[in-house]
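Grab a coffee and let's work through a few exercises on a protein chain. Try each task yourself before you read the solution.

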Amino acid sequence: AQSGGARLYVTNQDDATISVIDVGTRALVETIDLQKMGFSANAKPHHAQVEPDGRFWYVTLIGAGKVLKLDRDNQIVGSVDMEVPGLLALHPSQDLLVVARSMSAVNPPKRMALIRRSDMKLLDDVDVFFPRPHAIAVHPAGKYAYVASLGVNQLASVRLEDGQLTLIDVEGPQHTFTQFSLSPDGKWLVLTASQSHQLMIFDLADPARPALARTIPQEKGPFETAFSWDGRWLVTTNLDANAVTILDAQRWEPVQVIRHERFAQPHGVVFSPDGGWVFVSNRHQSGGAHDHEGGKATGGGVVAAICLRTREVGKLIGVGHYAAGMGIAAPARPPATPAACR
């Protein structure tokens, strides 16, 4: 059994393993082998989310077609069968888990799943009408979920109480919308456009109808973003540029592009609960941003711990092959300012 502080869960998609990192020490404490739990080598764990109290966490297995719920001792306590589950989002106040579809499927269902977290019961499969629903997020106020398509330039708001859907079209070339993040105050919805190399910032004055307010050019392949807990900073992984960009989220301007010899296809990004550290997963695969087959390893995956204040890489943690999505518990009381890196 594990004791102590916050945990970071890193999915290693090509190894059918999940790396567990102690956030305080930034050290690998356990590697969970899904094959020892009865899953195949092709289970493809892809994304994780953690309950705010850290007692339970969730992971999607693309290849096994399952969403798992595990406890802090990493024992499976529930699961839901679901065709090619991809990204996950926890509802901030209700007993809900919202799940989109993996980009690995050529034609996945045009639906997002609503799962009751307490007993892992599939409550609903909401039809979103567009192909390849991938990006997923829930508004901090909890009334709406957002989902976006990899295949067409569309996103949607879904009113969770009744499933009412509002479709939003976005002009331009093929954007390949990859993932959302929401500002802590719920005013802004950020969407990565990995093919057109930009961030799209939507105003949520009406949360049912995100309105495109601005676009921000990015280094190649913006993949995931995360806001600092105080909403001041936005960090982007630029998968195709082997870079991580820090933006001032008050002025919407990039302030620093961080490069490092051990960055290779930076994929996921999360903040430590105290706000001092930014964790970035690096796949170390050859092949494009949306190549989910992997299997072309140029090295083992690496999680970089970047100090937000100094913008320097403080530690590199070796994990499994094709380090993809990550999960960490959000703090019960978000820090007013990011902590110093110790």
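The exercises below deal with nonpolar cores and a disulfide in a predicted model.

**Exercise 1.** Find out which residues of the largest nonpolar core touch the most other members, and which elements give two or more residues to this core.

*Solution.* Start with the core itself, which has 18 residues. Leu 155, Phe 180, Leu 189 and Leu 191 are the ones that touch the most other members. Next, look at the elements: strands S12 (133–138), S13 (144–149), S16 (177–182), S17 (188–193) and S18 (198–203) each give two or more residues to this core. Now zoom in on Leu 155: leaving out residues up to four places away in sequence, its contacts include Phe 130, Val 147, Ile 168, Phe 202 and Pro 210. Phe 180, Leu 189 and Leu 191 are also among the residues that Leu 155 touches.

**Exercise 2.** Find the disulfide and work out its handedness.

*Solution.* Searching the whole structure turns up one disulfide. Cys 307 is joined to Cys 341, with an S to S distance of 2.1 Å. The torsion about their S-S bond is about 100°, so this disulfide is right-handed. As for location, Cys 307 belongs to strand S26 (residues 302–307), while Cys 341 is in the segment after strand S28 (323–328). The two cysteines are 34 residues apart, so the pair links distant parts of the chain.

**Exercise 3.** Decide whether Cys 307 is buried or exposed, then do the accessibility of Cys 341.

*Solution.* Buried means under 20% relative accessible area. Cys 307 has 6% relative accessibility, so Cys 307 counts as buried. Cys 341, at 25%, is partly exposed.

Definitions and conventions. Residues are numbered from 1 along each chain as its sequence is written. This is a predicted model: local features need pLDDT of at least 70, side-chain atom pairs count only at pLDDT 80 or more; totals for chains, interfaces and linings use all residues. Side-chain values use heavy atoms; hydrogens and water are left out. A nonpolar core is a set of buried Ala, Val, Leu, Ile, Met, Phe, Trp, Tyr and Cys residues joined through side-chain atoms within 4.5 Å. Buried means under 20% relative accessible area, exposed over 50%, partly exposed in between (1.4 Å probe, protein chains only). Helices (H or I, at least four residues) and strands (E, at least two) are DSSP runs, numbered from the N terminus. Contact means heavy atoms within 4.5 Å. A disulfide is a pair of cysteine sulfur atoms within 2.5 Å.
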